[in-house]
Amino acid sequence: SVSAESIALNRGFYLDNPGRYGLFLARSLARHAETLFNLQRFPEACKAILEAVELFRVRYATHRKQTASELGSCLYSAGGILTSAGRDEEARSLYQGAVDVYREAVDRCRRFYQCDEEPRAVDLGNILRRYGSSLYKLGRVTEAIPLIVEAVALFRRMYNIDPDAHRESF
């Protein structure tokens with residue numbers, strides 16, 4: 001398949017220069033994991049997405065601002081893939097990782113860059129909602145409720161800023 005060829009090519013580049021090509025390999029693995037997930041090939045999807053998460057984490061350690069969105073998105077996807085594979089406890093830690101990354105990104109935008117926090121805030125709201133649902137499914141209702149309440153508050157804030165853009169989220 002094309003994605004397998006892309007992974008093989010990027011893996012070869014990565015072996016020669018991990019710092020330069022780790023991000024390319026991570027992206028290829030994440031796309032491949034989504035394809036495998038859509039084909040319901042969960043064990044293979046889990047393996048690919050978890051490798052992508054590790055590569056994004058390595059990059060995030062030295063390039064936080066530039067990699068936050070991709071790492072957060074990959075952690076979020078990984079949580080969904082692992083949940084679908086019945087690996088709920090592992091998914092929980094991935095969701096928590098995504099929450100941490102997105103919270104840091106929203107905070108960094110607010111405090112240091114005076115940038116538009118809205119895209120990261122919406123991402124944070126989505127992951128809080130999914131993480132809360134995952135905890136609820138595990139019977140951890142008291143842990144789930146604050147996450148869902150926080151998600152609703154974020155969506156409400158975003159809706160108040162731009163109702164047309166956030167009607168569906170809210």
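**A tour of a surface patch and some ring pairs**

Begin with helix 7, residues 141–161, which supplies the largest share of a nonpolar patch, namely 3 residues. This is a predicted model, and the patch to select on its surface is made by Tyr136, Val141, Ile145 and Val149, with an area of about 390 Å². Now pick Ile145, which has its place in helix 7 and is partly exposed, with a relative accessible area of 48%.

Turn next to the aromatic rings, for which the count comes to 4 aromatic pairs. In one of them, Tyr21 and Phe24, the ring centres are 5.9 Å apart and the planes stand at 40 degrees, so the pair is tilted, given that planes between 30 and 60 degrees apart count as tilted. Both Tyr21 and Phe24 lie in helix 2 (residues 18–38), where they are 3 residues apart, about one turn of the helix. Tyr21 is partly exposed at a relative accessible area of 22%, and Phe24 is also partly exposed, at 39%.

For another pair, select Tyr95 and Tyr131, whose ring centres are 6.1 Å apart with planes at 45 degrees, so that this pair is tilted. Because Tyr95 belongs to helix 5 (residues 88–113) and Tyr131 to helix 6 (residues 118–137), the pair ties together parts that are 36 residues apart in sequence. Tyr95 counts as buried at 2% relative accessibility, and Tyr131 counts as buried at 3%.

Go back to Phe24 and add Phe13 and Tyr21, since these residues form one aromatic cluster. Arg27 lies over the face of Phe24, at 6.0 Å from the ring centre. As a last stop, select Arg130, whose charged end sits over the ring of Tyr76, 4.5 Å from its centre.

Note on methods
Residues numbered from 1 in each chain as written. Predicted model: local features only at pLDDT ≥ 70, side-chain atom pairs only at ≥ 80, totals over all residues. Heavy atoms only, no water. Patch = residues over 30% accessible without salt bridge, like charges linked within 9 Å, V, L, I, M, F, W, Y side chains within 5 Å. Areas by Shrake-Rupley, 256 points an atom, 1.4 Å probe, with all protein chains shown as cover. Salt bridge = Lys/Arg side-chain N within 4 Å of Asp/Glu carboxyl O. Helix = DSSP H or I, 4+ residues; strand = E, 2+ residues; numbered from the N terminus. Buried < 20%, exposed > 50% of the residue type's maximum accessible area, 1.4 Å probe, protein only. Phe/Tyr/Trp six-rings, centres within 6.5 Å; stacked < 30°, edge-to-face > 60°. Lys NZ or Arg CZ within 6 Å of the ring centre and 35° of its normal.
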